[in-house]
Amino acid sequence: MTFDPEQLGQPKQELAALLKELRKRAGLTGDRLARRCNMSQSKISRIENGKAQPSLLDLERILRAVVAPPEVIEEVIALARLANTEWQDLRSLRRRGLEKKQTELAALESSSTQFRFFLLSMITGLLSTPEYIRASLAHSPADVTKTIARKLERQEVLYDTKKRFTFILTEQAVRWPLLPPAAMAMQIDRLVSLTHLTNVKLGVIPIAGYKPMAPMDTFTVYENTLATVENATGVVILRDPRDIEMHLELFSTLEGYALFGDEVRALLAEWSAACRS
């Protein structure tokens, strides 16, 4: 099954309809299927009506109960993966107002306690100075005053010691000259200051050295349940456990390439000094 962003809303309904059809083909009522799967009848009903998203364990129980053939199992698993994927294109986000996206992110940050950020080419808003945030939005055709304010408000979450943040930045992300040299020095100094927060782990991957795996995208993993992947045209939101696990493994590899603590502070201080000179 191919990935088509224009059809990402459809797999949820298709999955629900297919599961309902499989139950009927097996000659089972919703109540009998629920008993076979050790679920409530109301949960089966919500799944078949597209009101509840089944977990992989739910799907395994249902497919076993209806004795689904291998080719059908493959189709169901493919639909489930797409049903757990959402596409948010940048043009639509701009039409809605970028500050609304900031509100969504703030809510996600409020409800999560563990965060893993991999930053390939730019510094994320949580780590940015006001000047950097303003420059990152300079090409937006809309008024971004509210968006800048919301991004700055979101930074308060970094000081919640009940939450744990790990940021991995490439050298390119840190040093890309989005601002004039003096302002870039201040941005790099902010990164240094954040390395002293006890709940923030900030690492940088220097360009020098052998690194056999090359990352393709900026991504964030919230808890172990949701990942967002960013590119120039929008954001893909992933909820399928297999996709989450893949990004956790990737993050672990990238973390192994990064410098932390005194080593990263020394490297950042060197880059900051280079900007000022």
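Is D243 buried or exposed? In this predicted model, D243 comes out as buried, since its relative accessibility is 8%, and under 20% is what it takes to earn that label. Being buried doesn't leave D243 without a charged partner: its side chain meets that of R81 in a salt bridge, with N and O 2.6 Å apart. The pair ties together distant parts of the chain, with R81 sitting in helix α5 and D243 in helix α12 (residues 241–257), 162 residues apart. The R81 end has some access to the outside; at 33% relative accessibility, R81 counts as partly exposed.

That bridge belongs to a set of 16 salt bridges in the structure. Another one joins the side chains of K101 and E104, this time with an N to O distance of 3.9 Å. Here the partners are local: both belong to helix α7 (residues 98–111), and because they are three residues apart, about one helical turn separates them. Their surroundings are worth a look too. K101, the lysine of the pair, is buried, with a relative accessible area of 12%, while E104 is partly exposed at 32%. A further bridge pairs K162 with D160, whose closest N and O atoms lie 3.4 Å apart. K162 is exposed, with a relative accessible area of 67%, and D160 is partly exposed at 22%.

Helix α12 turns up again with S252, which has its place there. At 47% relative accessibility, S252 counts as partly exposed, so it falls short of the exposed class, which needs over 50%. S252 and R116 are 136 residues apart along the chain, yet their C-alpha atoms are separated by 9.8 Å.

On to the nonpolar interior. As a general matter, nonpolar side chains in soluble globular proteins tend to be buried together. In this model, the largest nonpolar core has 34 residues, and the members that touch the most others are L127, F167, L169, V204 and L268. Plenty of elements chip in: β2, α8, β3 (164–170), α10 (171–175), α11 (181–194), β4 (200–205), β7 (234–238) and α13 (261–276) each supply at least two residues. Helix α11 gives the most to this core, with six residues. For a closer view of one of the best-connected members, take L268: setting aside residues up to four places away in sequence, L268 touches V174, I188, L191, V192 and V204. A second core, separate from this one, has 22 residues, including L18, C37, L63 and A80.

T129 is a polar residue to inspect next. T129 has its place in the loop between β2 (114–119) and α8 (130–136). Despite that loop position, T129 is buried, with a relative accessible area of 9%. Its contacts, once neighbours within four places in sequence are left aside, are L179, M186, Q187 and R190.

What about empty space inside the protein? A search of the whole structure finds one cavity of 30 Å³ or more, and its volume is about 50 Å³. The lining is made up of K12, L15, A16, L19, I47, G50, A52, Q53 and P54. Helix α1 (residues 10–25) gives the most to that lining, with four residues. Sorted by class, the lining has six nonpolar, two polar and one charged residues.

Finally, the backbone has a couple of oddities. Most residues other than glycine have a negative phi. V67 goes the other way, with a positive phi near 50°. V67 is found in the loop between α4 (56–65) and α5 (70–83), and at 66% relative accessibility it counts as exposed. E223 also has a positive phi, of about 50°, although it is not a glycine. This residue, too, is in a loop: E223 lies between β5 (218–222) and β6 (226–231). With a relative accessible area of 21%, E223 is partly exposed, because the buried class stops under 20%.

Conventions. Residues are numbered from 1 along each chain as its sequence is written. This is a predicted model: local features need pLDDT of at least 70, side-chain atom pairs count only at pLDDT 80 or more; totals for chains, interfaces and linings use all residues. Side-chain values use heavy atoms; hydrogens and water are left out. On a 1 Å grid over the protein atoms alone, a cavity is a set of points where a 1.4 Å probe fits but cannot get out, and a pocket is an open set with protein on both sides within 12 Å along at least five of seven lines; lining residues have an atom within 4 Å of a point. Grid points are joined across faces, edges and corners, and a volume is the space filled by probe spheres set on the points. Ala, Val, Leu, Ile, Met, Phe, Trp, Tyr, Cys and Pro count as nonpolar, Asp, Glu, Lys and Arg as charged, and the others, Gly among them, as polar. Buried means under 20% relative accessible area, exposed over 50%, partly exposed in between (1.4 Å probe, protein chains only). A salt bridge is a side-chain nitrogen of Lys or Arg within 4 Å of a carboxyl oxygen of Asp or Glu. Contact means heavy atoms within 4.5 Å. A nonpolar core is a set of buried Ala, Val, Leu, Ile, Met, Phe, Trp, Tyr and Cys residues joined through side-chain atoms within 4.5 Å.
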